[in-house]
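Here are a few notes to help you find your way around this one. Have the structure open while you read.

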Amino acid sequence: MEKAISRETIKYYAKELKLPTFNNYESVVEGLGPNDGYAEFLAKVMRIEKESRDEKGRENRIRSAGFPLRKSFDELDLSRFENEEPARIRELGSCGFVSARENIVMFGNPGTGKTHLAIALGIRACQKGFRVRFFTAADLLTQMDEARTEKKLARFTSSLQKVDLVIIDELSYMTLDRYKSELFFKVISDRSERKSTIITTNVSFSDWETIFGDKMMVNAIVGRLMFKSHAVNTNCANPYREEFAGATS
């Protein structure tokens, strides 16, 4: 009876103190060595709680990022990046570029692994404690336009400035009016030298004028985007298509 009361007491305080793993104290006791005492027991219980919180934090960051699907480096065939050394891709996977507030621009034809690599880098950044948001270029501009209509654009852009890494996928052949071009420029300008941005595109810089409609606008965007930036060429002889809905790169 006394043991049951103790269990309920521990359960109660674990809930009140938001320490759910403390409810598993009995398994910790079973794993203690013959010379372990109260200090060792407490340290192990606290370590388990810390590991649990870290894992939940990683999962929450990944969910909040808005990835269309989870893609990892383990699933990525680095040999397909014929114009890049595998060691360079792995180095980007360390996410040092996020700490350094650097950008990445990935160029390549459709089906060359840009989206997969961008998601893999984003997930790796989440796992390392960085805040990440993923958008297609079209979705980002749509959300910004809707925020403007609802008079929430300032709030939306302010929230983006707080994100460590913004991924803008599928900047492809589209025609933007002047206002949407300015919205895109604002995102890039606000983040320049402050936070990191990844852009994937199958359009060379020389053709960006077809997207933004103005050479001066293109120069302004490219100038801010490519300052402290890594250019990754994903073109390969045998492109492959990512096997999930909506992926075009």
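The points below go through one strand, one surface patch and one pocket.

1. Before anything else, keep in mind that this is a predicted model.

2. Start with strand S1, which covers residues 103-107. S1 is mostly covered, with five of its five residues buried. Look at how the side chains alternate: Asn-103, Val-105 and Phe-107 point one way, while Ile-104 and Met-106 point the other way. Both sets are buried.

3. So who sits beside S1? On one hand there's strand S5 (residues 229-233), which runs parallel to S1 and is joined to it by five bridges. If you want a spot to click on, Val-105 has Ala-231 of S5 as its bridge partner.

4. S1 also pairs with strand S4 (residues 196-201), again in the parallel sense, over four bridges. Here you can pick out Ile-104, whose bridge partner in S4 is Ile-198.

5. Now jump to the surface. Tyr-12, Tyr-13 and Leu-17 make a nonpolar patch of about 370 Å². Tyr-12 belongs to helix H1, residues 2-16. Is Tyr-12 buried, exposed or partly exposed? Tyr-12 counts as partly exposed because its relative accessibility is 49%, and the exposed class needs over 50%.

6. Last stop, the largest pocket, which holds about 160 Å³ of space. Its lining includes Tyr-13 and Leu-17, both of which are in the nonpolar patch too. Also among the lining residues are Ile-10, Ala-14, Phe-22, Tyr-25, Phe-41 and Val-45. The elements giving two or more residues to this lining are H1 and helix H3 (38-65).

Terms used: Residues are numbered from 1 along each chain as its sequence is written. This is a predicted model: local features need pLDDT of at least 70, side-chain atom pairs count only at pLDDT 80 or more; totals for chains, interfaces and linings use all residues. Side-chain values use heavy atoms; hydrogens and water are left out. Buried means under 20% relative accessible area, exposed over 50%, partly exposed in between (1.4 Å probe, protein chains only). Two strands pair if DSSP finds at least two bridges between them. Patches are made of residues with over 30% relative accessible area and no salt bridge: like charges are joined within 9 Å, nonpolar side chains (Val, Leu, Ile, Met, Phe, Trp, Tyr) within 5 Å. Accessible areas come from the Shrake-Rupley method with a 1.4 Å probe; for residues, only the protein chains shown count as cover. A salt bridge is a side-chain nitrogen of Lys or Arg within 4 Å of a carboxyl oxygen of Asp or Glu. On a 1 Å grid over the protein atoms alone, a cavity is a set of points where a 1.4 Å probe fits but cannot get out, and a pocket is an open set with protein on both sides within 12 Å along at least five of seven lines; lining residues have an atom within 4 Å of a point. Grid points are joined across faces, edges and corners, and a volume is the space filled by probe spheres set on the points.
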